[in-house]
Amino acid sequence: MIDPRVSAALKRMVPEILTRHYVYDGQPLRLDDWQWTIAGSDWLFDLVNKCRQGGFSFIVSAQAVVMAQLMPENSFHEVFVSINKDESLEKVRYCQQLYDELPDEKKIECTTDNKTEIWFANGNSIRSYPSKAVRGVPKARVVFDEFAHMEGAQAILDGSTPATVRENHGIIM
């Protein structure tokens, strides 16, 4: 089991890594204050009151890519649960683009890269589901996007919670 203090310290490093290693339109990436807070959060349960098209998918995807690179072997599994299939595929596309933008010397080899999941040589993974419970993914951090609009949201949450109870991971809604 990874020491929770190590996991928390790595999570707090994410905003600085993003602003140091990513470029957008030729300029270093600049995060809004709320994005900085989310990207560096080491909370086990985050509830985010957000607007549409505000950059939430981008920042949680960026955090997932960085954490999958930083965390010890087989200790980080991010699962996005979106309102529908198109939204779930979008999260993986974001992650793929963000991974591609990392400097080669900072990348851990990608071993599986398809429309619904990315696996890295260190055993860490990023997956995305359309509006269904996360099952069979131990040590997961689950990110629900537009949870309030999911049909059967309570059952999805109840079915997903066991995946988050080990290894100091949690839920973002």
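Where is His77 found? His77 is found in strand E4. Keep in mind that we're looking at a predicted model here.

**His77 and what surrounds it**

Let's stay with this histidine for a moment. Buried means under 20% relative accessible area, so His77, with 4% relative accessibility, counts as buried. Its side chain makes a polar contact with the side chain of Ser125, at 2.7 Å. If we skip the neighbours within four places in sequence, His77 is also in contact with a list of residues including Trp119, Gly123, Asn124, Pro138 and Arg141.

**Strands that pair up**

Now for the strand pairs that involve E7. Here they are side by side:

| Strand pair | Sense | Bridges | Citation |
|---|---|---|---|
| E4 and E7 | parallel | six bridges | Strand E4 covers residues 77–82 |
| E6 and E7 | antiparallel | three bridges | E6 and E7 pair with each other |

Within these pairs you can pick out single partners. Val81 stands opposite Tyr129 in E7, while Trp119 has Ser125 of E7 as its bridge partner. E6 and E7 also form a hairpin, with four residues between them. Look for Gly123 in that turn: Gly123 has a positive phi of about 90°.

How many of the six residues of strand E7 are buried? Five of them are, so E7 (residues 125–130) is largely enclosed by the rest of the structure.

**Two nonpolar cores**

The largest nonpolar core has 30 residues. Among those with the most contacts inside it are Leu18, Tyr22, Ile59, Phe80 and Ile126. Elements giving two or more residues to this core are helices H1 (4–21), H2 (33–39), H3 (56–70) and H4 (85–101), together with strand E6 (117–120). H3 supplies the largest share, nine residues.

Phe80 is a good one to click on. Not counting residues up to four places away in sequence, Phe80 touches Val60, Ser61, Ala64, Lys91 and Cys95, and its list also includes Ile126, Tyr129 and Val143.

There's a second, separate core too, with 14 residues. Val79, Phe144, Ile156 and Leu157 are included in this one.

**A helix with two faces**

Ile156 and Leu157 turn up again in helix H5 (residues 153–160), where they are buried along with Ala153, Gly159 and Ser160. Why do these buried residues line one face of the helix? Seen down the axis of H5, they fall within an arc of 165°, so they line one face. Turned away from that buried side is the face carrying Gln154 and Ala155, which are exposed.

Note on methods:
Residues are numbered from 1 along each chain as its sequence is written. This is a predicted model: local features need pLDDT of at least 70, side-chain atom pairs count only at pLDDT 80 or more; totals for chains, interfaces and linings use all residues. Side-chain values use heavy atoms; hydrogens and water are left out. A nonpolar core is a set of buried Ala, Val, Leu, Ile, Met, Phe, Trp, Tyr and Cys residues joined through side-chain atoms within 4.5 Å. Buried means under 20% relative accessible area, exposed over 50%, partly exposed in between (1.4 Å probe, protein chains only). Contact means heavy atoms within 4.5 Å. The arc is that of the directions from the helix axis to the C-beta atoms. Two strands pair if DSSP finds at least two bridges between them. A polar contact is a pair of N or O atoms within 3.5 Å; within protein, one must be able to donate a hydrogen and the other to accept it, and residues adjacent in sequence count only if both atoms are side-chain atoms.
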